[in-house]
Amino acid sequence: MDIPSLTIDRVREGLVASRFSAVELTTEALRFAEAENPRTGAYLHFCPERAVAAARRVDGRLARGEDPGPLAGVPIAVKDVILTKGVRTTCGSRLLEHYIPPYDATAITRLESAGGIILGKTNCDEFAMGSSTENSAFGPVRNPVALDRVPGGSSGGSAAAVAQGTAVVALGSDTGGSIRQPASFCGVVGVTPTYGRVSRYGLTAFASSLDHIGPFARSVSDAATVLGVIAGRDPSDATSAAAPVPDYRAAIDGRVKGVKLGLPREYLKDLTSETGEVIERGVERLRGLGCEVREISLPATGYAIATYYVIATAEASSNLARYDGVRYTFRSESSGTLADLYRNTRGEGFGAECKRRIMLGTYVLSHGYYDAYYLKAQKVRTLIARDFEHAFQQVDAVVAPVSPFPAFKLGEKVDDPLAMYLSDIYTITGSLAGIPCMSVPSGATRAGLPVGLQILTRHFDEPGMFRLAGALEQQTS
Ligand code: GLN
């Protein structure tokens, strides 16, 4: 069995033709993933018992002649910020090192109901804060394409697992680019759906108004299948959307002739590197397929980083207040008053990046600064969303780079938080607007480092996004 070459369709064909059972495939996939994992450190831990139990259910359905579900037998990796009942969920943090959740995230329940097999949990930046996976308390992940480089972040483990071939698809989370940027760095497909399209129930909160769950895959079609499974209204998440879930795979029909694409002037002006050349070639390919390309303007782009790092840190400072040494697992050993317990637990438990964000977020929400920073940022967020609304009056989709540069070296930016923040410039605008956006492999630099092209569409126009991504994928491969 050649695990890295599997696709959702190939798994299904093999099961239906009885070339292997779901239990056989799962056992082999686990063996392969455990053997390959030391190269990248993509997984933090595996959950073989849960995986084999899920595989048995799939085999049972097949034996009874029932539909085994759209993800039957498919090996899946899950970012370790998404709760899995009975399976450790650390969020890349010392504070949750031994935390075993008492319930499953809705996305997890849906994956398994569709026949999916969760192999294990993947490494990530602590509480999903970062762009390189170097902020994990459990050490960094290496990019399988170039082992001395980062896989991107914060969902670096999930992107690396899919690129390495140790999972067919994976789940990540994206608050300001954490699915798209690692997808771009590792050369896989990464999708951030419309805000509210996928339930956040059981996703550990970082910045609730920006948090999304979304898929990684090696093909646009596999990503579309996974999104179709996890999307949809969930009574457990009041912000989940009731809009019907279309057949995303059916949208990949190659009919992109006449589709109007906008290239944001503000994104391209600083992009003189090789990344720019790869993006240009990608856009040319879309033009060759009959898309009409025009320049557009997203004038508020220059404020996006500041806006994001005010809003995201404000929400994070509030969401992370729950890790107090009383609830959850980690508690400081040093004794003292209750206030000491809080202080020591948080002081010892959180890594530097989380502390930085808690301080910044607390500051921008504090009396006297709230209006000047937080409220102002909310207003600018509206301007950024309006930029896209205006753009979508002229074009059907916006095409852009994902990151100003390809995967950087491990350690290169870890001591310079501002440089790390600035690398998010092209992804956070879409996050702030809450629109669907994805990274699709578009080529590589001369050194062989993958570069993803970003496609952004109107709220709930995932079909339009997948159609373009599928057409580009065809041309690229
Ligand atoms: N790199 C961004 C940050 O550090 C985005 C993270 C994310 O999307 N979770 O906030």
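Ala, Val, Leu, Ile, Met, Phe, Trp, Tyr, Cys and Pro count here as nonpolar, Asp, Glu, Lys and Arg as charged, and the others, Gly among them, as polar. By that split, the shell around the ligand has 5 nonpolar, 7 polar and 3 charged residues. This is a predicted model, where local features need pLDDT of at least 70, side-chain atom pairs count only at pLDDT 80 or more, and totals for chains, interfaces and linings use all residues. Residues are numbered from 1 along each chain as its sequence is written, and side-chain values use heavy atoms, leaving out hydrogens and water.

**Around the ligand**
- There are 15 residues around the ligand (a heavy atom within 4 Å), and T175, G176, S178, Y308 and R357 come nearest.
- Polar contacts are pairs of N or O atoms within 3.5 Å.
- A128 puts a backbone N or O atom 2.8 Å from a ligand nitrogen.
- Ligand oxygen atoms lie 2.7 Å from a polar backbone atom of T175 and 2.7 Å from a polar side-chain atom of R357.
- On its own the ligand exposes 290 Å², and the protein buries 99% of that (Shrake-Rupley method, 1.4 Å probe).

**Two domains**
- The domain assignment gives domain 1 (3–251) and domain 2 (260–298 + 384–409 + 426–476).
- Their C-alpha centres are 24 Å apart.
- In contact (heavy atoms within 4.5 Å) are 41 residues of domain 1 and 35 residues of domain 2.

Conventions: Polar contact = N/O pair within 3.5 Å; in protein donor to acceptor, adjacent residues only side chain to side chain. Domains from an automatic or database assignment.
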